[in-house]
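Me: Can you walk me through the terms used for this model? I'd like each label set against its rule.

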Amino acid sequence: MSIALPRRRVIPGFGLTMGFTLLYLGLVFLIPVGAFLLYTTTMSWETFWNAVTQRQVVASYKLSFGGSLIAATINLVFGALVAWVLVRYRFPGKRLVDALVDLPFALPTAVAGIALVTLYASSGWVGQYLELFGIRVAYTQLGVIVALTYIGLPFVVRTVQPVLEDLEAEWEEASASLGADRLTTVRRVILPALLPALLTGYALAFARALGEYGSVVFISGNLPFRTEITPLLIVAKAEQYDYHGAAAIGTVMLLAAFLMLLVINGLQWWTSRRHG
Amino acid sequence: MSIEIDHVNKHFRDFIAVDNVSLTFREGELTALLGPSGSGKTTLLRIIAGLEQPDTGRIRFHGEDTTDLHVSQRGVGFVFQHYALFKHMSVFQNVAYGLTVRPRRTRPSKAEIRRKVMELLELVQLDWTAHRYPHQLSGGQRQRIALARALAVEPKVLLLDEPFGALDAKVRAELRRWLRRLHDEIHVTSVFVTHDQEEALEVSDRVVVMNKGRVEQDGSPEEVYDHPANPFVYQFLGNVNLFHARVHDGVAKIGDVTLPAPEFEGYQNAPGQAYVRPHEIEVFADRDHDGALHAKVELVSVVGPMVRLELRTDNSEALVHAELPKHRFRALGLQQGGDAWIRPIHSRVFLPDSRVANG
Amino acid sequence: MTTSTTVLETQDTLAKRWRRATEEPAWLRLTLIGTALTFLALFLVLPLSVVLYGAFEQGLGVWYAAIRDPDAMAAIRLTLLIVAIVVPLNTLFGIAAAWAIAKFEFRGKPLLISLIDMPFAISPVVVGLIFVILFGSQGWLGPWLSSHDLRIIFAVPGIVIVIAFGTLPFIARELIPLMQQQGKEEEEASLTLGASGWKTFWHVTLPNIKWGLIYGIILCNARAMGEFGAVAVVSGRIRGETNTMPLHIEVLYNEYMFTAAFAVSSLLTGLALVTIAIKSLVEWHDERRQRLAVL
C-alpha cells in the first residue's frame, strides 16, 4: 500500500471543539483535582491515616454511608413504584406529578434543607403528628435519612421510566399466555428486564446522597458522633484551617465518588447492552 | 462531466470497504452501483462526493483532480438514503438552502431563488407542497424533494445513495421510472447505489456490479445480465440452478444434454459448473425429448402469471427451480407429486479457474 | 331456580373481570397509585408548600420587604453576576463537547464522556475544598496570590470557579445524547449543498438541538444559582459581598429570620418550578415530533 493521505475530516470543527473541550475541562476540573490529589500525597502516610481514622470521622462515615444506603434503598422501592405508576396507569394530574419528580434535582439544596426541617420539627406540619407517636425526625439520624431520601428521589424514577416504557407488551402477553399469573410475570419477566436500570438508579441515588451537604445540615443538628455527616466534617476542618485533615477526608470521599462512578458506568454499559 | 476513479482504496479498521477500484463514469450517463450490503458501493459513492476520504487513489471530475476538494466546494448533488431533509425547514426552505447559504457575492437575489425553487418543485411535480414541512409528506414525496434540493445547486454530478431503499414496492417502481425520465431531461452525470438488481437493470445506462470492495463487472444492463463475467454476478442477478458439467471439445455436457460451449474448444473432459436460469429450463410432461432428465414435481407455486416449479431429478440431491408461463403449465397438465422431464436450453459454464463459456 | 341465577352471576362477573394480559386488577392498581402519590405528596408537595406558605404567610408586603433588604439584594446581584459568567462558559463547553463527541469518531471517547460526568459525582463540599487548598491563604498558591494582592478564595473568582466546576456537566449531558441520536446526515447534506461549517451549525444543527439546549441552559442556571456546599466552603460568607442567595438563606435561617429566609427561598423555588416546567415542555415537544416522524 502506498503512503496514506493526511487524515482529514469531512465535517469541520473537530480541532476547535475538541481543543476547547479539553482546555476547559483541564482548567476547571482536571488540573484542580490532580493538584488536590497531589497535595494529599505530600502528607505522610501517618498524618493521612490518623486524619481519616479519628473516632469522630469514623462515626461520620458510618452515618454517611449507612444513611445513604438506607435512603437509596427507600428510593429503590418507591422509585420503582412511582415509575411503574407513571408509565402504566392513567390518572388525573399525571403530567404534573411526572414533572414534579424532578423538583429535588432543580431545587437548591439549602431551600430543601430549611423546608424539611420546618416540616419535621416538633412544631412542624408533619413533625407534630409524629411527635404523638414518640417519633422524632429533626436533629436525629432519621432526619438525615429523610433529607438524603429527598435529594435521591428522581434518580431511580428517571432511570427506570424509559426502560419500562420501551418494554414490549408482548413479553408480558407471552408470559400470561403460558399460564403465569400477574405476580409471576412481574417477578420473572419484568423485574429482570428492569434490573440494570434499577441498580443504576440505586447507585446514582447512593452517590448523590454520599456527597450531599446543603439539605442535610439544617435537619441533622450536626451533633458530633451522632448526626454529623462526613461532608460537614470537611467544612468544619476547612473553616478551622486544618487543611491536612480536610484534604485527607476529602480524598476518601473523592475516591468513593470515583468508585461509584465506575460502578455506575459499568451498570449503564450493562443496561445499554441489554437494550442495544 | 465525467467522473474518474483512479485506484481508490478505503478501509475501516480491519475491514476493507473499497479495494483498489478504478472506474470511469462517462458524461451524461446514469450508472447503477449494484452489490450486496457490505460490498463497498455506498463507501465508493461517499468517496466520490467527498463525504469520505480515500486511503489512497484519486478522484477526477472531467480530468480535474478533486480528491482534496472539500465536499462543500465539490459541486456534487447528493441524495441520502433517508433523505436527510432539514426537519425544521419548509419544503421551500429545504430546496432553497443551497442557494441561500452561498456567500453574498455569488448568492442569487430573493426573486431569483424563488423562481428557481418553484421551477424545481414543478420539475419534481410537487410545487403544491412548498409551504409544508417534511413530516407532512409521504416517503416518495420526501425523496423527490431531496432530489430537487440536490439539483438546486446545479451540481456537476448527481449521486444517489439507495434512493428508493426506504419506500414500498409500488412507489419504488413508479419513482424509478420517473427518475429515468428525469435523467433523460436534465442529462447530468449520475451514479446511484442499489442492492436491487431489477432496479439497476431497469433504470440505468450502465451497471457496475461490486462485491467485497471490488468491481466484479462493468457494462450495459444487457451485457451484465446476459453475459455475467463470473459466478458471483450470475448468482447475484436473479435465481439460478447449478449443474455439474463436463467440458469437452467445445461442448458442455450436463447429464445426457449437450450444449455448445465454443469458448472451451480444445478442453478435454474438464469438470465445471453450469449455471442455468429457471426460465431457461424446458419442462415436458412426457419422455420423448432428447436428453431430458426425469424429475418429480415437488412443489408448484403460482405467482401471478408465472408458475414456479421445484423439481428433483433422479440423480441429484439439489432441487431444480423452473419457471414457465401459466398457460404453458396448464397445457402440460403437470401435477404436484407427479412426473416431469426437464432439459436446460441455455447455460453458462464456469471452470474452477473461472474461465467462462456460453452454451 | 337457584342454578339459573348462579349461571347468570358467573357470566356477569366474567364480563366485568375480563382484563388485558398486561393489567393488574383494579384494587391493586388503585393501591399502587395511592401509595405512590402519598409518597410523592410527602416528599415533593409538602416541602414545596412549606416554602411558599412560609414566604407569604405574613402577606406580600413582608415578602417584598424581605427581598428588598440590602443584604438580600446584594446576594441576588452577586448570584446573577455569577450565573452571567458561568452559564455562557458552560454553554460553550457543552456545545463544543457535544459536537466533538457526536459528530466524530476518536479513541478514548468513552473516557471523555466519563470525565465530563465526573464533577456530578463529586461532593460539592470536596469541590470547594479542592480550590481552598489550591488558592487559600494556607494553600499551595496562597502565598504567591497574597503577595500579588490577588484574592480568589473568600472572593467572587473562587465562587465563580467552584460553580463552574459543579455545573460543568449539565448542558453537555443534555446535548451529547441528543446530537448522537440525530446523527450527521443533515450536516452532510448541508455540506454537499455548499454550506460552510459555521452556516451548517447555525442553520441545521442549532435548530435541531434548540430545545435540549434551552433546557440544559435553564437547568445549569438553576443549579448554578442554587449551588450551596461548594460555595459555603470558598465564600467566607462576607455579608453583602460574598454571600450568594443560598448562603444568605442559611444566614437568615440561623438568625431565626424564618419569613425572610423563606421569602428569598421562594425566588429560587420559583426558578426551580420554571426549570421543571420547561423540561416538561421540551419532552412534550419531543414526543410530538416523534409522533409526527412516525406518520
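Me: How many salt bridges are there between domain 1 of chain B and domain 2 of chain B, and what would make a pair count as one?

Reply: Zero. To count, a side-chain nitrogen of Lys or Arg has to sit within 4 Å of a carboxyl oxygen of Asp or Glu. This is a predicted model, where local features need pLDDT of at least 70 and side-chain atom pairs count only at pLDDT 80 or more, while totals for chains, interfaces and linings use all residues. Residues are numbered from 1 along each chain as its sequence is written, chains are lettered from A and ligands numbered from 1 in the order written, and side-chain values use heavy atoms, leaving out hydrogens and water.

Me: What makes A:Glu239 and C:Arg237 a salt bridge?

Reply: Their side chains meet at 3.2 Å, N to O, and the limit is 4 Å, so the pair qualifies. The count between chain C and chain A is three salt bridges.

Me: Which polar contacts turn up between the two domains of chain B, in numbers?

Reply: Three residue pairs, both partners at pLDDT 80 or more. The rule wants a pair of N or O atoms within 3.5 Å; within protein, one must be able to donate a hydrogen and the other to accept it, and residues adjacent in sequence count only if both atoms are side-chain atoms. Across the interface of chain C and chain A, that rule finds nine residue pairs.

Me: Where do the domain bounds in chain B come from?

Reply: From an automatic or database domain assignment, which gives domain 1 (3-236) and domain 2 (241-358). Eight residues from domain 1 of chain B and eight residues from domain 2 of chain B make the contact, meaning heavy atoms within 4.5 Å. Their C-alpha centres lie 39 Å apart.

Me: What does "buried" stand for here?

Reply: The accessible area (1.4 Å probe) that two parts lose on being put together, summed over both. For domain 1 and domain 2 of chain B that comes to about 840 Å², with 54% on carbon and sulfur atoms. B:Tyr225, B:Pro231 and B:Tyr234 supply 65% of what domain 1 of chain B buries against domain 2 of chain B, more than any other three residues. For chain C and chain A the area is about 8300 Å², and carbon and sulfur atoms give 81%.

Me: Why are β4 and β5 of chain B called paired?

Reply: Two strands pair if DSSP finds at least two bridges between them; strand β4 (residues 56-61) and β5 of chain B have two, in the antiparallel sense, so they pass. B:Arg60, for one, has B:Asp65 in β5(B) as its bridge partner. A strand itself is a DSSP run of E with at least two residues (helices are H or I, at least four), numbered from the N terminus.

Me: What makes β2 and β5 of chain B edge strands?

Reply: Each pairs on one side only. They belong to an open sheet of four strands ordered β2-β1-β4-β5 (chain B), with antiparallel pairing.
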